[in-house]
Amino acid sequence: TDFIIMADGEMWFEGILFPNVFKPEILRDIGDNFVVKNDDTIIVTYPKSGTNWLIEIVSLIYSKGDPQQIQTEPAWERSPWIESNIGYEILLNQCGPRNYTTHLPIQLFPKTFFSSKAKVIYLIRNPRDVLVSGYFFFKELSIVKTPDKLQEYFELFLKGSVAYGSWFEHIRGWLSMREKKDFLLLSYEELKENTRSTVEKICEFLEKKLKPEEIDLVLKYSSFKYMKENQLSSNKQMIDHFKNKNLTFTRKGVTGDWKNHFTVAQAEVFDKIYRERMAGYPPKLFPWE
Ligand code: A3P
């Protein structure tokens, strides 16, 4: 069997931990049968890398900065999560060019993707910030069991025993596509540092020509401040659904917050494992180095 549900409710599929509301049969069907189309645009991230920010940006690029859609339609409908029960249902019934999101590691992604011309934007982030962001997020989310203490979460993260598995494996898997024409590698850090030019890069990749004033609107409506204050439906509906006001997709929105949370010892342990696991990559690939 390719999945196991533990006594404590944890769900593991192909050796990867998933939120326990996910269905193994859907995950299996995605890998084996889901048809990726040439005109699909797919946002791929390891959780907590800035997924919702990128979804907002892409939605706004498609609407040329008009906020009407992001103000009325939740992110999970605009860019459904393929592996979620709702997202999968939406995508099976959707016609025309699709835009969807996934956190799946590459080995679980639809096999049909590899012979398609679908466009993938892969967004990466300093794994130290991913760890801290995930700790605060998953702690509030009942569908993934998360320890109270950062030290315990830290150990699980480095072992890959967290939702969607090891960050290192996720990166290794998806970066194998990085020479492909239809693959755009972006980082949270460059998006934060050079938001405008990175948005322009996304426009070019998606073959969307926006006027400078339309780019201004994209930047305005996808800013951290706007996304937080606006309490966009994605955020709000998640809070309502889980009845937890501490849940948010817009916590702090900065780079380097790990420095406020890691002890010196944790930083050293992380560095050592990072160096071992990331050996062989050109450092300039990763802006946090
Ligand atoms: P922090 O927890 O470090 O604040 P995801 O959408 O993949 O779950 O990622 C969530 C992270 O992206 C959170 O990081 C969140 O604050 C950050 N984020 C969301 N919207 C953002 C925005 N407009 N600008 C900068 N960061 C944003």
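How many bridges join strand 6 to strand 7, and do the two run parallel or antiparallel? Select residues 183-187, which make up strand 7, together with strand 6: five bridges join the two, and they run parallel. Keep in mind as you click around that this is a predicted model.

**Before you set off**

Colour the chain by pLDDT. The average is 93, and 98% of the residues score at least 70. For the model, ipTM is 0.99 and pTM is 0.96. One habit to pick up here: where pLDDT is low, the predicted coordinates should not be read in detail.

**Stop 1: strand 6 and its partners**

Now select residues 119-124, which is strand 6. Is this strand mostly covered or mostly open? Mostly covered: six of its six residues are buried. Turn the strand to look at one side and you'll find Lys119, Ile121 and Leu123. Flip to the other side and there are Val120, Tyr122 and Ile124. Both faces are covered.

With strand 7 still showing, pick out Val120 and Phe183: Val120 stands opposite Phe183 in strand 7. Then add residues 41-45, which is strand 4. Strand 4 also runs parallel to strand 6, and five bridges join them. For a pair to look at here, choose Thr45, which stands opposite Leu123.

**Stop 2: Leu123 and the nonpolar core**

Stay on Leu123 and show what is around it. Leaving out residues up to four places away in sequence, Leu123 touches Thr45, Ser49, Gly50, Thr51, Leu54, Leu186 and Tyr188. So Thr45 turns up twice on this tour, because it is both opposite Leu123 in strand 6 and among the residues that Leu123 touches. Next, widen the view to the largest nonpolar core, which has 57 residues. Which of them touch the most other members? They are Ile43, Val44, Leu54, Ile57, Ile121, Tyr122 and Leu123. The largest share of this core comes from helix 2 (residues 51-62), with seven residues.

**Stop 3: around the ligand**

Leave helix 2 on screen and select the ligand. It is surrounded by 21 residues, and the closest are Thr51, Asn52, Ser133, Arg251 and Gly253. Which elements give two or more residues to this shell? Helix 2 does, along with helix 6 (127-139) and helix 12 (224-230). Try colouring the shell by class: six residues are nonpolar, ten are polar and five are charged.

**Stop 4: three loops**

Select Pro105, in the loop between strand 5 (99-102) and strand 6. Is Pro105 buried or exposed? It counts as buried because it has 21 C-beta neighbours inside 10 Å. Not counting residues up to four places away in sequence, Pro105 touches Ile16, Tyr164, Gly165, Glu169, His170 and Gly173. Draw a C-alpha to C-alpha distance from Pro105 to Phe168: they are 63 residues apart in sequence and 10 Å apart in space.

Hop over to Ala163, in the loop between helix 7 (150-159) and helix 8 (167-175). Ala163 is buried, with 24 other C-beta atoms within 10 Å. Beyond its neighbours within four places in sequence, Ala163 is in contact with Leu17, Phe18, Pro19, Pro47, Phe138 and Val144.

Then find Arg98, in the loop between helix 5 (85-92) and strand 5. Arg98 is partly exposed, with 18 other C-beta atoms within 10 Å. Setting aside residues up to four places away in sequence, Arg98 touches Lys37, Asp40 and Leu91. The C-alpha atoms of Arg98 and Asp39 are separated by 7.0 Å, though the two are 59 residues apart along the chain.

**Last stop: two positive phi angles**

Finish with a pair of glutamates. Glu14 sits in the loop between strand 2 (11-13) and strand 3 (16-18). Glu14 is not a glycine, yet its phi is positive, about 50°. It counts as partly exposed, with 15 C-beta neighbours inside 10 Å.

Glu207 is in the loop between helix 10 (195-205) and helix 11 (212-221). What is its phi near? The value is near 55°, again positive in a residue other than glycine. Glu207 is exposed, with 7 other C-beta atoms within 10 Å.

Notes:
Residues numbered from 1 in each chain as written. Predicted model: local features only at pLDDT ≥ 70, side-chain atom pairs only at ≥ 80, totals over all residues. Core = buried A, V, L, I, M, F, W, Y, C linked by C-beta atoms within 7 Å. Buried ≥ 20, exposed ≤ 12 C-beta atoms within 10 Å, placed from the backbone. Helix = DSSP H or I, 4+ residues; strand = E, 2+ residues; numbered from the N terminus. Contact = placed C-beta atoms within 7 Å. Near = placed C-beta within 6 Å. Nonpolar A, V, L, I, M, F, W, Y, C, P; charged D, E, K, R; others polar. Pairing = 2+ DSSP bridges. pLDDT = per-residue confidence, 0-100.
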